[in-house]
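Here is a brief report on one protein chain. Look through the sequence and the structure first, then read on.

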Amino acid sequence: MVSFRFPFSFSQPPRATSLSGFSVSAVAVSVTVGAAAAAGAAIAASRNPRHPILEWAFSSHRSSLLLPWGSITLADSTSESVVEPKTGFSFPASIGDSRRLLGVGLRKKSLLGLKNIDVYAFGVYADCDDVKKLVGEKYANLPASEIRGNKSFLDDLMQADIKMTIRLQIVYGKLSIRSVRSAFQESVGNRLKKFGGLDNDQLLLSFTSLFKDEYNIPRNSTIDLTKEPGHVLSVAIEGDHVGSVKSQLLCRSILDLYIGEEPFDKNAREDFLDNVASLAFDN
């Protein structure tokens, strides 16, 4: 049983829009009558994970989940999991020895502006001992409220040698590993350029090549991106380790997708910041 000595807070949409067991087939799509041909192309793409339209949309356009602010509190000290409210997918409240779940979110994609696809739900974990150590060394004089909005703290958190895990749970059942590889090639590639300049093609290839065509990722399967001690990014698919890359730049670029200034899900980032600030001062 997982014991929490303070409540964690996670965002959720209003009750009327919360769906349990949400799937792609249940998405309500609004299509203009004059766009019938384009709509047909989007439907065809959704039935074929390697359709060129789906590949283009998944790799070229990011759509963040923007939800009205709300919160649910894990007041029950015996809570063992947290549910991502739009999909109904649950995440364990802790993994490993001391990594706690600090935020949950949803990666969405839009096909030509006609249909939104829930690609995967994700959970952001951080080692509580490592976070407290960072705070004690550099931010002990700041209250939790100021740490939450401190950009330097977030930058330090992403660059410090702190064990963190981003767990992805596949929602879209027809997603191919090729699409995942292509999407990371673009999104991680952009972050590598942002933080490290242009000459990082080999580093990007060392990461994306871990997602080999032989791997299947059906609905409910998991992909873990774990930042290990020594700035080693470890990748596991369905719990099986598939490879590692040692690079502080790569680790920071991955984390930036989920907790940086332009994250996939803004509410997940807000939850993370709220909870990590509370975690830092948990005694």
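The report goes from the whole chain to single helices, then to helix pairs and selected residues.

**Overall picture**

This is a predicted model. The protein has 283 residues, and 53% of them are buried. Its secondary structure consists of 9 helices and 11 strands. Among contacts with a separation of 6 or more, 72% join residues 24 or more positions apart. The accessible surface comes to about 12600 Å². Carbon and sulfur atoms hold 49% of that surface.

**Helix α6**

Helix α6 covers residues 177-196. Its 20 residues should span 28 Å at 1.5 Å a residue. The end C-alpha atoms are 26 Å apart, which agrees. Buried positions in α6 include Ile177, Val180, Arg181 and Phe184. Further along, Ser187, Val188, Gly189, Arg191 and Leu192 are buried too. In an α-helix there are 3.6 residues a turn, so residues three or four places apart point the same way. Just after α6 comes Gly197, with a positive phi of about 90°.

Phe211 ties into this helix. It sits in the loop between α7 and β9. Its relative accessibility is 1%, so Phe211 counts as buried; the cut-off is under 20%. Phe211 and Ile177 are 34 residues apart along the chain, yet their C-alpha atoms are separated by 6.5 Å. Beyond its sequence neighbours within four places, Phe211 contacts Ile177, Val180, Arg181 and Phe184. The same list holds Ile223, Leu225, Val235 and Ile237. Those four α6 partners, Ile177, Val180, Arg181 and Phe184, are themselves buried.

**Helix α8**

Helix α8 is made of 12 residues, 248-259. From first C-alpha to last it reaches 16 Å, close to the 16 Å expected at 1.5 Å a residue. How many of its residues are buried? The count is 10 of the 12, so α8 is largely enclosed by the rest of the structure. Nonpolar names on the buried list include Leu250, Ile254, Leu255, Leu257 and Ile259. Arg252, Ser253 and Asp256 are also on it. Ser247 caps the N-terminal end of α8. One of its side-chain oxygens lies 3.4 Å from the backbone nitrogen of Leu249.

**Lys227, a buried lysine**

Lys227 belongs to strand β9, residues 222-228. Is Lys227 buried or exposed? Its relative accessible area is 2%, so it is buried. A polar atom of its side chain lies 2.9 Å from the backbone oxygen of Met158. Leaving out neighbours within four places, Lys227 also contacts Leu157, Gln159, Ala160, Ile162, Lys163 and Met164. Val232, Cys251 and Leu255 are further partners. Two of these names, Cys251 and Leu255, are buried residues of α8. Lys227 and Met164 are 63 residues apart in sequence, but 5.1 Å apart from C-alpha to C-alpha.

**Helix pairs around α9**

Two packed helices are described by the angle between their axes and the distance between the axes. The table gives both values for two pairs that include α9.

| Helix pair | Axes come within | Crossing angle |
|---|---|---|
| α3 (residues 128-138) and α9 (residues 266-280) | 9 Å | roughly 75° |
| α5 (residues 151-159) and α9 | 12 Å | roughly 95° |

The angle between α3 and α9 makes them roughly perpendicular. The helices α5 and α9 are likewise roughly perpendicular to each other. Where α3 meets α9, Cys128, Val131, Lys132 and Val135 face Val276, Leu279 and Ala280 in contact. On the α5 side, Phe153, Leu154 and Leu157 meet Arg269, Phe272, Leu273 and Val276 of α9. Val276 takes part in the α3 contacts and in the α5 contacts. Leu157 of α5 is also a contact of Lys227.

**Positive phi in two loops**

Most residues other than glycine have a negative phi. Asn220 has a positive phi of about 80° although it is not a glycine. Asn220 lies in the loop between α7 and β9, and is partly exposed at 47% relative accessible area. His231 also has a positive phi, near 60°. Its loop runs between β9 and β10. At 16% relative accessibility, His231 counts as buried.

Technical notes:
Residues are numbered from 1 along each chain as its sequence is written. This is a predicted model: local features need pLDDT of at least 70, side-chain atom pairs count only at pLDDT 80 or more; totals for chains, interfaces and linings use all residues. Side-chain values use heavy atoms; hydrogens and water are left out. The expected span of a helix is 1.5 Å times one less than its number of residues. Buried means under 20% relative accessible area, exposed over 50%, partly exposed in between (1.4 Å probe, protein chains only). Contact means heavy atoms within 4.5 Å. Accessible areas come from the Shrake-Rupley method with a 1.4 Å probe; for residues, only the protein chains shown count as cover. A polar contact is a pair of N or O atoms within 3.5 Å; within protein, one must be able to donate a hydrogen and the other to accept it, and residues adjacent in sequence count only if both atoms are side-chain atoms. Axes are lines fitted to C-alpha atoms, for helices over the stretch in contact, and angles run from 0 to 180 degrees between N-to-C directions. Angles under 35 degrees count as roughly parallel, over 145 as roughly antiparallel, 65 to 115 as roughly perpendicular and the rest as oblique.
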